[in-house]
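Student: I've got a structure to go through before lab meeting. Can we take it piece by piece?
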Amino acid sequence: MERVIGIDLGTTNSCVAVMENGAPTVIPNRGGYKTTPSMVAITEAGKKLVGHIAKRQAITNAENTVFAAKRLIGRKFTSPQVKNAIATSAYRIVEGPHADARIQLRGKTFSVPEISAMILQEMRVIAEDYLGGPVAKAVVTVPAYFNDNQRQATKDAGAIAGLDVIRIINEPTAAALAYGFGKDIEKTVAVYDLGGGTFDISILEIGAHGVFRVIATAGDTFLGGEDFDARIIDWLVEGFQSEHGIDLRQDRMALQRLKDAAEKAKCELSSTRETEVNLPFIISSGRNEALHLQRVISRETLEQLCEDLVDRTVDICRQTLQDAQLGKEDIEEIVLVGGMTRMPRVVESVAEFFGRDPCKGVHPDEVVALGAAIQGAALLDTKHEMVLLDVTPHTLGILTAGGTFRGLIPQNTTVPTSRSETFTTSRDNQTAVKILVMQGEHEKGEQNELLGEFVLTDLRKATKGQVEIEVTFEINADGIVSVNAKDLETGRQQAIQVTATSGLTQQELKQMIDSSQGEMLERRASEEEEGTKQEAQRLIAEIDKLFPQVEQIVASSDFGRDATEKARGILQKARAAVSKGDHAAIKEHMEALGRTARMFRGVVQKTS
């Protein structure tokens, strides 16, 4: 059966999993780590680096190393979140041709889906190496509070990475799938997901026969570990500035070193009461004097710096319970997801709010990828008994006269669904009406996300309010939104299928897919060459080691002397090919090297 992988495309780290023998399994990368840093870099030579290797060189190549790209995906350049990222990032964020945010590395501009695609492609390679064959299909997770444009941008990233993303599912929902998998339970569960860049809370009912029903979901797509790091960075920068009068934010390498140190300190303070931040030679003074940064930060200080961030997550939990029309006592289990849930203050706040200790039975970094793998297997296997009923995270509606947003499908409505409402003309003798389809929670339309627009024409001329137009919204199981407007008097109608945009045109997307496929083929060819070279070196070393024994054993035999002389010639040619890096010649000598190694082993074994 075709394999489908589950990918948790995280802000800080990403993770890939697959179903094996009926159980979800996280796939380790080549270094043996189960998560991979969501970092991408371009070297001076133009080489792309992804994951741990990108993270290791981030300080010395700060301007060309991208972190937390997920916080920018699907966003307009003018959004406040992008402005915040510009102020805190060592790499350059620029405006794209479609008013989207893009990233500039080594003089080349990349779209955010392209950057995310590099990470997804790395996840794909990790899976293919593990499974021993190509992988084409994937389920990719996103924050529950992502809007349609952010979801489409993630799907585009998958396409660029060479993956058929068969479903985008919400991270808390994926975590709940992994939590409830294989268990015969019926519970109301709250999934509190505080990751590197985003926060989500989802309340689900896990029912009999594998039914998972989302009741309510909410979140903040710009609230996560990056913000906790930023508070530590601000504390360090302000202390240094008051002592030396120098703003470290103006130096990109210093900023990257601060970010590294802040993240490390934050992690250490989850298990210790205090830690030291020590950054020698952080910057030079005006007198060319090397300055050092050395400060001790306590867990108490960190909690004070980030108290409002933790409180924001609790406020969202409170509102979500109200939306679900549930009390705290109705929640039977709290599942913690995301690296930030290791912070003691976060765990304490969640326990205080819900009045019970959270579940410790899931791995916060791996559970989302495991859930995605479970969902992927269920989508391919029709015999799989699992039903997932999710909700729309944002209200869908239209812009009405006066710029007011009128919601038709409320937030937290189970999909698929359909809703209709009748509107009237707003001006005398109005013969056409423009339907602006929007998504969001603000009463003012301009504060919401515009998804699409179309015009219903040839309306009867009449006094305002007399011509009635029925607007129908429909969302299918894949989250595709269709909108229909109908003149109730004439039956004339106009409809659109709302296609979210990632900021990329179809032509741009095709070019990126083609380019990525070419790079993937080059990478595989390069890896094959390197593997062949290493195997040749191994065989040469083995033959060299056995040579003295073999020569001694066959010294009295003319046939033996001929064989060893022939082996010597093979070794000489193979060494020369390896030394020159001539892949074609190495491949040509591989069979002879293997045959010689087997012969030498046989000779030694017979006499031992």
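Student: How many disulfides does a search of the whole structure find?
Tutor: The count is 0. Keep in mind that this is a predicted model.

Student: Take Cys267. Which cysteine sulfur is nearest, and how far away?
Tutor: That of Cys306, 12 Å away. A disulfide needs two cysteine sulfur atoms within 2.5 Å, so Cys267 is in none.

Student: And Cys317, what's the nearest cysteine sulfur there?
Tutor: The sulfur of Cys359, at 16 Å. Cys317 is in no disulfide either.

Student: Is Cys317 buried or exposed?
Tutor: Buried, with 2% relative accessibility.

Student: What about Cys267, how does its accessibility count?
Tutor: Cys267 has 47% relative accessibility, so it counts as partly exposed. The exposed class starts over 50%.

Student: Zooming out. What share of the chain is buried?
Tutor: 52% of its 608 residues.

Student: How many helices and strands?
Tutor: The chain has 14 helices and 29 strands.

Student: What box do the C-alpha atoms fill?
Tutor: Roughly 115 × 65 × 50 Å, along the principal axes.

Student: What share of contacts comes from residues 24 or more positions apart?
Tutor: 65%, taken over contacts with a separation of 6 or more.

Student: Now the surface. How much is accessible, and what part belongs to carbon and sulfur?
Tutor: About 28,300 Å² is accessible. Carbon and sulfur atoms hold 46% of that.

Student: Last topic, charges. How many positive and negative side chains?
Tutor: There are 70 positive and 86 negative ones. The centres of the two sets lie 5 Å apart.

Conventions. Residues numbered from 1 in each chain as written. Predicted model: local features only at pLDDT ≥ 70, side-chain atom pairs only at ≥ 80, totals over all residues. Heavy atoms only, no water. Helix = DSSP H or I, 4+ residues; strand = E, 2+ residues; numbered from the N terminus. Buried < 20%, exposed > 50% of the residue type's maximum accessible area, 1.4 Å probe, protein only. Contact = heavy atoms within 4.5 Å. Areas by Shrake-Rupley, 256 points an atom, 1.4 Å probe, with all protein chains shown as cover. Lys, Arg positive; Asp, Glu negative; His and termini not counted. Charge placed at Lys NZ, Arg CZ, Asp CG, Glu CD.
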